[in-house]
Amino acid sequence: MAVRPILIAGDPLLTTPAVPVTEFGAELAALVETLFETNTAANGAGLAANQIGDPRAVFVYDLIDAGVRHRGYVVNPVLVTSELPETMPDPDLDGEGCLSVPGEWFPTGRADRAEVTGVDAEGRPVAVAGNGYLARCLQHETDHLAGRLYLSRLIGRNSRAARKMIKQRDWTRPGRSWCPGTGTDPFHG
């Protein structure tokens, strides 16, 4: 497997809903391994297939939440959450970043609890549920597969700041990407 470039906001593949997986087996397992390798090289918490230009409905996650490591993947995910907050997100507690929005963080309102069901690379049922950071990640990655970047969930001044940042960075056209493991990490300098 190999680390793949990650598409940056502005590419239409990031706003196109993923295609449900219908073929299972070794080729799909290879995609999952590529996603894990790319996510690790990027120091990410999760990565969806469309972020590396693959249209299939698959994401991986690998994060530590409250001292516990959570690592896995879901094919054809279906998300169920607790109620979404209706208040302005806390800038200290609700910061969210994205490998397709490199180097940026914005307060984003997310449900406290999330559960994702789907299947593995062989078509067997899987389920993952969590609170806190894991719940945020599950929501973030399923959003990707629905063709939605977290920037579209921002409200008020955070939404205005994100729109301004997109224009300043010229992330308004397709074809831009960055390759983890080469050069400077855009999240950690």
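**Exercise 1. Find which element gives the most to the lining of the largest pocket, then describe that pocket.**

Solution. Start with the main contributor. Helix α2 gives the most to the lining of the largest pocket, with 5 residues. This is a predicted model.

Next, look for other contributors. β3, β5 (95-97) and α2 (132-145) each supply at least two lining residues.

Now take the volume. The largest pocket holds about 370 Å³ of space. It is lined by 20 residues, and those closest to its centre are G44, A45, G97, W105 and Y133.

Finally, sort the lining by class. It has 9 nonpolar, 7 polar and 4 charged residues.

**Exercise 2. State the volume of the second largest pocket and sort the residues of its lining.**

Solution. Begin with the volume, which is about 200 Å³. Then go to the lining. It has 16 residues, and D94, R110, A111, D112 and R136 are the closest to the pocket centre.

Last, split the lining by class. There are 6 nonpolar, 4 polar and 6 charged residues.

**Exercise 3. Trace the pairing of β4 with β3 and with β7.**

Solution. Take β3 first. Strand β3 covers residues 58-65, and strand β4 covers residues 68-81. The two pair in the antiparallel sense over 8 bridges.

Pick one bridge. V58 has V75 of β4 as its bridge partner.

Check the turn. The hairpin of β3 and β4 has 2 residues between the strands. There, A66 takes a positive phi near 55 degrees.

Now move to β7, residues 113-119. β4 and β7 also pair in the antiparallel sense, over 5 bridges. Return to V75: its bridge partner in β7 is V119. V75 thus appears in a bridge with V58 and in a bridge with V119.

**Exercise 4. Describe the whole chain, and explain why it counts as compact as a globular protein of its length.**

Solution. Count the elements. The chain has 3 helices and 9 strands. Along the sequence, they follow the pattern β-α-β-β-β-β-β-β-β-α-α-β.

Compare the radius of gyration with the rule. The chain's value is 16 Å, close to the 16 Å that the globule rule gives for 189 residues, so the chain is as compact as a globular protein of that length.

Add the box. Along the principal axes, the C-alpha atoms fill roughly 45 × 35 × 30 Å.

Then check burial. Of the 189 residues, 48% count as buried, where buried means under 20% relative accessible area.

End with contacts. Take those between residues at least 6 apart in sequence: 70% of them join residues at least 24 apart.

Technical notes. Residues numbered from 1 in each chain as written. Predicted model: local features only at pLDDT ≥ 70, side-chain atom pairs only at ≥ 80, totals over all residues. Heavy atoms only, no water. Pairing = 2+ DSSP bridges. Helix = DSSP H or I, 4+ residues; strand = E, 2+ residues; numbered from the N terminus. 1 Å grid on protein atoms, 1.4 Å probe; cavity = no way out; pocket = protein on both sides within 12 Å on 5 of 7 lines; lining within 4 Å. Points joined across faces, edges and corners; volume = space filled by probe spheres on them. Nonpolar A, V, L, I, M, F, W, Y, C, P; charged D, E, K, R; others polar. Rg over C-alpha atoms; globule rule 2.2 N^0.38 Å. Buried < 20%, exposed > 50% of the residue type's maximum accessible area, 1.4 Å probe, protein only. Contact = heavy atoms within 4.5 Å.
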